[in-house]
Amino acid sequence: MNTRSVPLVVAFTPNYFVPAATCIYSILANMHTEGRLHIICLLSEELPERLKQKLRMLGEGRACYSFVNLKGRLQDIYVDAKYTEAASYRLLLPDLLPDDDKVMYIDCDMIVRNDLARLYYSIDLGTNYLAAVFEAPMDFQMEHLKAIGCAPSEYINSGFLIMNLELMRRDGMVGKFMEASKADYLEFPDQDVLNQLCRKRILGLPPCYNSIRTFYLPQYKPFFLKRYTEQDWADVHRHGTVHYTGAKPWNQFTVEFRLWWQYYEQLPVEIKEEWKMSSKIHLLSKLCKTSLGAYVINGLQTLYRRLKYQ
């Protein structure tokens, strides 16, 4: 039995409490390795005590929680209007967690279908700053990659990271991250900075550990296969950790919509009552649970894609 707790960081704003809880629940539900998680919640403002207590209901005996209020810590960096300040909190982790040499970070708009504790124990970062999943960029992304100095084969998605905090501290990376984050041409602020400054020092993970939206859409499979294999494609669809880049399943119908709602429905009622959801989207999720509803919705989705991408 491995007795070391696995440090796992999430960052969210109060209005993301339920999606964050859903993500955490999926992590715990698929953690089959013996051991515990230390879930470190980076917050944009103080979380009410009742929400902290409700979050602690998840993973009783297998998880402990810490809450860190970082309001105002990133006032001098550029934050694109599409994102929150919390998205860049991961750049502070080497200094925020001085007692940890290695940490996992995950975005809250994800459903995990892999054992993250097993992955954490098995990864040796060596002289790499990060382990992450490389994207399979499409033609329209090339101009942006060129602008930030990244080759198409070297660009990671920062939604799931294993970070070498010890090495980052030794090399003073937090200061470098903060300086680079002031540039107003960054399209994906924290992600672009990590790609720029950790380039050539990133260990690639299989795509099933951060399966972004395009990894699920058949029209993008040719781009996927430029970097990955048919087996990788099958693994993504069978057990990939779904990263809902773009549309969120609690707001819109999107890829792996039904999967997110399956995990949401398993949350304690005390957590679900903290959220006023869209009644139409919730009804759609219930229709997807029926065989007839799933058949009709999947058929309409397939038809739409054929018409759009023919």
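**Figure 1. Strand β4 and its neighbours in the sheet.** Strands β4 and β7 (residues 156-164) run antiparallel and are joined by 5 bridges, where helices (H or I, at least four residues) and strands (E, at least two) are DSSP runs numbered from the N terminus, and two strands pair if DSSP finds at least two bridges between them. This is a predicted model, in which local features need pLDDT of at least 70 and side-chain atom pairs count only at pLDDT 80 or more, while totals for chains, interfaces and linings use all residues. Residues are numbered from 1 along each chain as its sequence is written, and side-chain values use heavy atoms, with hydrogens and water left out. Within the pairing to β7, Y105 stands opposite L161. Strand β1 (residues 6-12) runs parallel to β4 and is joined to β4 by 2 bridges, with M104 in β4 as the bridge partner of L8. Because 5 of the 5 residues of β4 (residues 102-106) are buried, this strand is largely enclosed by the rest of the structure; buried means under 20% relative accessible area, exposed over 50%, and partly exposed in between, with a 1.4 Å probe and protein chains only. The cover extends to both faces of β4, with K102, M104 and I106 buried on one side and V103 and Y105 buried on the other.

**Figure 2. The seven-stranded sheet and the helices packed against it.** The open sheet of 7 strands follows the order β3-β2-β1-β4-β7-β6-β8, and its pairing is mixed. At its edges stand β3 (63-69) and β8 (202-204), each with a single partner strand, so one side of each has no neighbour in the sheet. From one strand to the next the twist averages 30°, with axes taken as lines fitted to C-alpha atoms, for helices over the stretch in contact, and angles running from 0 to 180 degrees between N-to-C directions. Strand β2 (residues 37-43) runs parallel to β3 and is joined to β3 by 7 bridges; in this pairing, S66 of β3 is the bridge partner of I40. Helix α1 (residues 17-29) lies across β1, β2, β3 and β4 and runs at about 160° to β1. Helix α8 (residues 189-198) also packs on the sheet, where α8 touches β6 (130-134), β7 and β8 and its direction makes about 55° with that of β7; contact means heavy atoms within 4.5 Å.

**Figure 3. The three-stranded sheet.** In this open sheet, 3 strands are arranged in the order β5-β10-β9 with mixed pairing. Strands β5 (110-111) and β9 (211-212) stand at the edges with a single partner strand each, so one side of each is left without a neighbour in the sheet. Strand β10 (residues 242-243) pairs with β5 in the antiparallel sense over 2 bridges, and V242 in β10 is the bridge partner of I111.

**Figure 4. Aromatic pairs and a ring cluster.** The count comes to 16 aromatic pairs, where rings of Phe, Tyr and Trp (its six-membered ring) pair if their centres lie within 6.5 Å, and planes under 30 degrees apart count as stacked, over 60 as edge-to-face and the rest as tilted. The pair of F215 and F224 is edge-to-face, at 5.1 Å centre to centre with 80° between the planes; F215 is buried with a relative accessible area of 1%, and F224 is likewise buried at 1%. The pair of F257 and W261 is tilted, at 6.3 Å centre to centre with 45° between the planes. Because F257 and W261 are 4 residues apart in helix α11 (residues 257-264), about one helical turn separates them, and both residues are buried. Ring pairs link Y16, W250, F253, F257, W260, W261, Y264 and W275 into a cluster.

**Figure 5. Charged groups over tyrosine rings.** The charged end of K102 sits over the ring of Y120, 4.3 Å from its centre, and R201 lies over the face of Y129, at 4.5 Å from the ring centre. A charge sits over a ring if NZ of Lys or CZ of Arg is within 6 Å of the ring centre and within 35 degrees of the ring normal.

**Figure 6. Cysteines without a disulfide.** A search of the whole structure finds 0 disulfides, a disulfide being a pair of cysteine sulfur atoms within 2.5 Å. The closest cysteine sulfur to that of C23 belongs to C108, at 5.6 Å, which is too far for a bond; C23 counts as buried at 0% relative accessibility. For C150, the closest cysteine sulfur is that of C198, at 10 Å, again too far for a bond, and C150 is buried with a relative accessible area of 6%.
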